[in-house]
Amino acid sequence: MPVSPRRIGIVVTDAYADEDPDYDTPVILDALRARGAEAERVVWHDAAIDLGGFDLLVLRSPWDYPDRLPEFLAWLDRAERASRVVNAPATVRWNLDKHYLADLERAGVRVVPTRYATTMDAATAAIAEVRAETRGDGRVVVKPVVSAGARDTGLFEASDPRARDLAARIVERGGVAMVQPEVAELSAGHEKALYAIDGIFTHAIAKGALLETGGGLRGGVYQENPEPVPATDAERAFAGEVLAAVASVTGEVPLYARIDTVDSAAHGLCVLEVELVEPALNLHVAPEATAAVVDAILRA
């Protein structure tokens, strides 16, 4: 049996939207304590907490970090100096910016075709290119390279001026806009999240479509509806390929990973996102994965 560290901090924040609560942390804390570990919540932006008092800090649900990114990066620096952090801070910093998709593509992973725009001219050209590729009747997704919970993410007809308006808001505040063609299967709700703990596949979750055409979220709020689903052999193998690419780029196999995928007619089985910062593990609907998570934390 793994030997428990003296004290484990599960890194969270102090407020969650009613429609998007943190289901995982209570499950993880109870399971760690049942194994004899001293484990507690650590609110990442609470300056009164002595990070050096923990043997291990596990990032779990600091979901407000996109709104205070410089503060979060400074906290990550302090935490790294004070204790061991998982996933590794270098991996987290890499994964915070969705330019990592280009790194994975260079490593041989299939991803949704993505254009990155730092100026309005570039964003306008990218949207026009998607429109041309779809013969003028396709849709486009616009979002920033740093975001979570579908913040500032929109699905539009490629001819809709609101796509350009969203790109303008992103770049005018100094961000980088991502422009992608719509994946029809994704809009139909066929996204599948593949989870791996210590590099081993544990479970798969479907959460349905989130974006409303014309901008915004279906139902007006970010609300996932996770349901356990089976993963095919091909999907499990693909998850392994993605993790191998992550390891080749970052130098580590992450303790936890969520690999968002869609099997599309246009692009095949491909990656939408690889979440290595603070993915919900959905242990409330996949309790069979809890033991693997706790074992991995104790080994760390």
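Modeller: Two strands are said to pair if DSSP finds at least two bridges between them. With that rule, the sheets of this predicted model can be read.

Colleague: In the sheet of strands 5, 6, 7 and 8, what is the order, and is the pairing parallel or antiparallel?

Modeller: In general, the strands of a sheet pair through backbone hydrogen bonds, in either a parallel or an antiparallel sense. Here the four strands form an open sheet in the order 5-8-6-7, and the pairing is antiparallel. The edges are held by strand 5 (115-117) and strand 7 (154-157); each has a single partner strand, so one side of each is left without a neighbour in the sheet. On average, neighbouring strands of this sheet are turned by 30° against each other, direction ignored.

Colleague: How many bridges join strand 6 to strand 7?

Modeller: Strand 6 (residues 139-144) and strand 7 run antiparallel and are joined by four bridges. V140 stands opposite F156 in strand 7.

Colleague: Which strands does helix 5 touch as it packs on this sheet?

Modeller: Helix 5 (residues 120-133) touches strand 5, strand 6 and strand 8 (177-181), and its direction makes about 155° with that of strand 5. Helix 6 (residues 161-172) lies across strand 5, strand 6, strand 7 and strand 8, and runs at about 15° to strand 6.

Colleague: What is the order of the open sheet with parallel pairing?

Modeller: That sheet has four strands in the order 2-1-3-4. Strand 2 (39-43) and strand 4 (84-86) are its edge strands, each pairing on one side only. From one strand to the next, the twist averages 30°. Strand 3 (residues 56-61) pairs with strand 4 in the parallel sense over three bridges, and L56 stands opposite R84 in strand 4. Helix 2 (residues 69-82) packs on this sheet and touches strand 1 (8-12), strand 3 and strand 4; its direction makes about 155° with that of strand 3.

Colleague: Where do Y16 and W63 lie, and why does their pair tie together separate parts of the sequence?

Modeller: Planes over 60 degrees apart count as edge-to-face. The structure holds five aromatic pairs. In the pair of Y16 and W63, the ring centres are 5.4 Å apart and the planes stand at 85°, so the pair is edge-to-face. Y16 lies in the loop between strand 1 and helix 1 (24-34), and W63 in the loop between strand 3 and helix 2, so the pair ties together parts that are 47 residues apart in sequence.

Colleague: Which residues does the cis peptide bond join, and which residue that is not a glycine has a positive phi?

Modeller: As a rule, most residues other than glycine have a negative phi, and most peptide bonds are trans. In this model a cis peptide bond joins V86 and N87, with omega about -10°. N87 is placed in the loop between strand 4 and helix 3 (89-96). D198, although not a glycine, has a positive phi of about 55°. D198 is placed in the loop between strand 9 (192-197) and strand 10 (200-206).

Colleague: What lines the second largest pocket?

Modeller: The second largest pocket holds about 200 Å³ of space. It is lined by 13 residues, of which P66, P144, V146, S147 and R173 are the closest to its centre. The lining divides into seven nonpolar, two polar and four charged residues.

Methods
Residues numbered from 1 in each chain as written. Predicted model: local features only at pLDDT ≥ 70, side-chain atom pairs only at ≥ 80, totals over all residues. Heavy atoms only, no water. Helix = DSSP H or I, 4+ residues; strand = E, 2+ residues; numbered from the N terminus. Axes fitted to C-alpha atoms, helices over the stretch in contact; angles between N-to-C directions. Contact = heavy atoms within 4.5 Å. 1 Å grid on protein atoms, 1.4 Å probe; cavity = no way out; pocket = protein on both sides within 12 Å on 5 of 7 lines; lining within 4 Å. Points joined across faces, edges and corners; volume = space filled by probe spheres on them. Nonpolar A, V, L, I, M, F, W, Y, C, P; charged D, E, K, R; others polar. Phe/Tyr/Trp six-rings, centres within 6.5 Å; stacked < 30°, edge-to-face > 60°.
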